[in-house]
Amino acid sequence: MKFPGKRKTKHYFPVTDSGRIPFDPDFSERGSVYIVGLDQLIVDIEANVTFEFLDKYKIAKGESMVLDDAIVEEIYRELKIEKAIVGEYAGGAIGNTLHNFSVLSDSRSVALGAISKNISVGDYAFKYICTTNSFVDFSFLKPVEGPMGRALCLLTPDRERSFLIGKGIMNELSPDYIPEEVIKSSSLVLVSAYSLRDENSSMYKANLKACEYAKKYNVPVVLSLGTSSLISSKREFFIDFIKENVSLCAMNEEEAQALVGETDPLLACEKVLEYTDMVLLTVGPRGLYVAAYSDEDFKRETKDLIHSKSLPEYNKYEYSRAILKADAKAPFKIYTHINPYMGGPGLIKNTNGAGDAALSALLHDIASNTYHRQVSPNSPKHNTRYLTYSSIHQVSKYCNRASFEVLKQNSPRLIKGLPNREESLEDAYWDK
């Protein structure tokens, strides 16, 4: 497994301290570290449209809508005729995150979902598999008769994204296709609010089964929130679900407001931490926030400037690592904020997938902690049971960097890993 972020190896495996190990040995046989994600397998189809186009089909700008497959096909054909389609990619929030995780870590991730039973060269299922990183394991997918789901991502001139979902077979994953042993040995289980939309669907029941196994074996559950309208319509349901099942919640500021009724990002993080152990909150051109719990016995004060916003000295202990609240003797909340990497790209073609990239970086850090605990259980890095390998400050930098990589391209997924040596860092940094 590659370790998160591009830092010098001495930051991970210093060999000058007693009990620590060098970075060079091959640990590949010391156990498999992987994550599991439940997804509505879909193909993302991106197209440039006018505001009049949205009005024509009564599409709510900036929202995600589920429509009949026949209507989605009609819209798709019109976009084809108008040559408005920018690209067709393997998609889905969880699918994007699993792909990105495997790109960043060079490690396995397991996808659980439904896929077309009969796959032909050139069809959507074929394209989905071909354009997904080879470390994403499709061995446990449920084969189903029928077409894959489609998500039309419609980009208006203001670069706002509106989504139309044609379901196909995307909700056909059933509880009997949730492998208990796979969940048991995983670093974490990733689920999406989209998969919890319909409480009568087999996909919903499959998610509950996965969460049941995760709770049984103390595996953290990560929830990626969906569109804000979905959260608003089922607010109490999602709060209860998070309280009962979730260790880490990822969202943007609109979804945070829908969940806890707070527009200020720091105060939103504070409220969400009443329901879960860790929060990733993206705020578009203002960067992102990471909030979590630490323990009074293991807190580390920042060496950077201390800032006050809606919470005084909110980043004072941002050099601390995240801990599950239940694992802390004296838990307290910690926060960090980071502005966009390098100020953000000069030209943002498309924001689709940026949040998924940020989340994948955070999941990589969590999985790396599991990996390091396996190969070096006596390391000082494990003087208590941490959730992350790095401090939340370092995690935010990594999330920010991965998000930037997606923002500067025109694909919702990472095309390649991050560079070994950042151009923004002077040569003297690497020579120390």
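The following exercises, each with a worked solution, concern a predicted model of a single chain.

**Exercise 1. Overall composition**

Determine how many helices and strands the chain has, and what share of its residues is buried.

*Solution.* The secondary structure comprises 13 helices and 16 strands. Of the 432 residues in the chain, 57% are buried. Consider next the contacts between residues at least 6 apart in sequence: 76% of them join residues at least 24 apart.

**Exercise 2. The order of the sheet**

Establish the strand order of the sheet that contains β1, and identify which strands stand at its edges.

*Solution.* Step one is to write down the order, which is β7-β5-β1-β11-β12-β13-β14-β15-β16. This open sheet holds 9 strands, and its pairing is mixed. Step two is to examine the ends. β7 (136–137) and β16 (331–338) each have a single partner strand, so one side of each is left without a neighbour in the sheet.

**Exercise 3. Pairing around β1 and β11**

Describe the pairing from β5 through β1 and β11 to β12, naming bridge partners where possible.

*Solution.* Begin with β1 (residues 35–38) and β5 (residues 109–112), which are parallel and share 4 bridges. Here Gly37 is opposite Ala111 of β5. Next, β1 runs parallel to β11, with 2 bridges between them. Val36 has Val189 in β11 as its bridge partner. Finally, β11 pairs with β12 (residues 221–224), again in the parallel sense, over 4 bridges. Val189 is bridged to Val221 in β12. The connection from β11 to β12 passes through helix α6 (residues 202–216), and this β-α-β crossover is right-handed.

**Exercise 4. The two faces of β11**

Decide whether the faces of strand β11 (residues 189–192) are covered or open.

*Solution.* In a regular strand, side chains alternate between the two faces of the sheet. In β11, one side carries Val189 and Val191, and the other carries Leu190 and Ser192. These four residues are all buried, which is to say that each has under 20% relative accessible area. Both faces of β11 are therefore covered.

**Exercise 5. Helices α9 and α10**

Classify the packing of helix α9 (residues 253–260) against α10, and locate α10 relative to the sheet.

*Solution.* The angle between the helices is about 50°, and their axes are 10 Å apart. An angle from 35 to 65 degrees falls outside the roughly parallel and roughly perpendicular ranges, and α9 and α10 are therefore oblique to each other. The crossing of α9 past α10 is left-handed. On the α9 side the contact is made by Ala256, Leu259 and Val260, and on the α10 side by Ala268, Lys271 and Val272. As for the sheet, α10 (residues 265–272) lies across β13 (248–252), β14 (278–282), β15 (288–295) and β16. Its angle to β14 is about 155°, a value over 145 and hence roughly antiparallel.

**Exercise 6. Positive phi values**

Compare the settings of Lys83 and Arg159, taking phi, location and accessibility in turn.

*Solution.* Most residues other than glycine have a negative phi. Lys83 has a positive phi, near 55°, and Arg159 has a positive phi of about 70°. Lys83 belongs to the loop between α2 (69–81) and β4 (85–90), whereas Arg159 belongs to the loop between β9 (149–155) and β10 (161–166). The relative accessible area of Lys83 is 74%, so Lys83 is exposed. For Arg159 the relative accessibility is 35%, so Arg159 counts as partly exposed.

How values were computed
Residues numbered from 1 in each chain as written. Predicted model: local features only at pLDDT ≥ 70, side-chain atom pairs only at ≥ 80, totals over all residues. Heavy atoms only, no water. Pairing = 2+ DSSP bridges. Contact = heavy atoms within 4.5 Å. Axes fitted to C-alpha atoms, helices over the stretch in contact; angles between N-to-C directions. Buried < 20%, exposed > 50% of the residue type's maximum accessible area, 1.4 Å probe, protein only. Right-handed = clockwise from strand over helix to strand, strands pointing away. Parallel < 35°, antiparallel > 145°, perpendicular 65-115°, else oblique. Left-handed = near helix turned anticlockwise from the far one by under 90°.
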